[in-house]
Amino acid sequence: MSEHVKCLIIGSGPAGYTAAIYAARADLKPLMIAGLEPGGQLMTTTEVENYPGYPDGIQGPEMMDHFRKQAERFKTDIRYSFVSAVDLSSRPYKVVVEEKETILADTIIISTGATAKWLEIESEQRLRKLSGGVSACAVCDGFFFKGQDVAIVGGGDTAAEEATYLSKLCRKVYMLVRKDFLRASKAMQHRVENTPNIELLYNHETMEVLGDQGVTGARIKNIKTGAERKIDITGFFVAIGHQPNTSLFKGKLDLDEQGYIKTVPGTTKTNVEGVFACGDVQDKHYRQAVTAAGSGCMAALDSERYLSSKGIH
Ligand code: NDP
């Protein structure tokens, strides 16, 4: 006999844990499969200063520990394993854990998040791991570079938006674009072009992020002319896109052209009844811990209402 649960949560970032807290308090006895990177993106973040309720800020991993403890306090069953397959073709849905065990679930809350893309050059990764001024989130980390010179890589809407955000805090923002045009929307292009302290460097690639313990500069190359130069910066931001973690759901749920799960606006409902999505896996615009947590709460409430409507108590 397979284990049968009312509410199965896949993923353990702020969205998943918040869904767990609400679902557990509503007596849905949630089972959470935490995934390969328990805690999600905040586990590789240092100081979090913009999550309400922490007036002095908190380290990302410590905050996720608090989320976990709060979910456990209401008896969420958290398992440190991963989902290897799902079958959403009939109810109850089937979720295979580590290619072995099959769990039956009346509702599923998907909170598998998204992964920031990096340039994957050695110096970027080394300084990122040292928390030495390399970041994939300007809204999270821009504050630490107030009055300083920074660079941001990318030419899409995210890079343009984050460059504009940084320009309000920093003295100077170099925007490194590998093509000779911006992919961002016209409105964002105009905003970037009309911001005096953003210097757009088209046809530029990053060869190396400089610095031992923290960023001191970057060696960049004009790929048209081959000319290399050094820019002096203390922060290096990468905004070249995110990859939503949705490979499990391809062909099973409606995804948008970039692979994000589509939800009914104003809800966390997917196109399959009883399956809900929250957090970055369905959000390419805000990507904040607090917005993810908010949508996790919505997913638990949507799940509870769905179960009631089906008479499952
Ligand atoms: P995009 O995929 O749109 O853009 C990625 C950018 O990064 C491109 O300019 C790309 O260059 C560049 N890039 C990719 N890989 C590298 C690399 N290895 N080295 C250097 N540059 C690289 O991602 P975004 O995150 O900007 O946007 C994702 C989606 O979200 C888009 O649909 C966007 O419109 C949407 N969005 C909308 C917002 C809004 O409406 N306010 C805000 C933020 C995002 P190249 O052009 O050469 O491929």
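"Exposed" here means over 50% relative accessible area, "buried" means under 20%, and "partly exposed" is in between. Keep that handy while you click around this predicted model.

**Stop 1: a pair inside one helix.** Select glutamate 122. Its relative accessible area is 57%, so it counts as exposed. Now add arginine 126, which comes in at 30% and is therefore partly exposed. These two form a salt bridge, and their closest N and O atoms sit 3.7 Å apart. Both belong to helix α3 (residues 122-129), with their positions 4 residues apart, or about one turn of the helix.

**Stop 2: a pair that links distant parts of the chain.** Next, pick lysine 224 and aspartate 180. They make a salt bridge too, with 3.6 Å between the closest N and O atoms. This time the partners are 44 residues apart: lysine 224 is in the loop between β15 (217-222) and β16 (228-232), and aspartate 180 is in the loop between β12 (172-176) and α6 (186-193). Is lysine 224 buried or exposed? At 60% relative accessibility, lysine 224 is exposed, while aspartate 180, at 47%, is partly exposed.

**Stop 3: lysine 230 and aspartate 232.** Select both and look for the salt bridge, where the closest N and O atoms are 2.7 Å apart. Aspartate 232 has a relative accessible area of 48%, so call it partly exposed.

**Stop 4: a network.** Finally, highlight Glu3, Asp77, Arg79 and Glu101 together. Salt bridges link these four into a network.

Want to keep exploring? How many salt bridges does a search of the whole structure find? The search turns up 18.

Notes
Residues are numbered from 1 along each chain as its sequence is written. This is a predicted model: local features need pLDDT of at least 70, side-chain atom pairs count only at pLDDT 80 or more; totals for chains, interfaces and linings use all residues. Side-chain values use heavy atoms; hydrogens and water are left out. A salt bridge is a side-chain nitrogen of Lys or Arg within 4 Å of a carboxyl oxygen of Asp or Glu. Helices (H or I, at least four residues) and strands (E, at least two) are DSSP runs, numbered from the N terminus. Buried means under 20% relative accessible area, exposed over 50%, partly exposed in between (1.4 Å probe, protein chains only).
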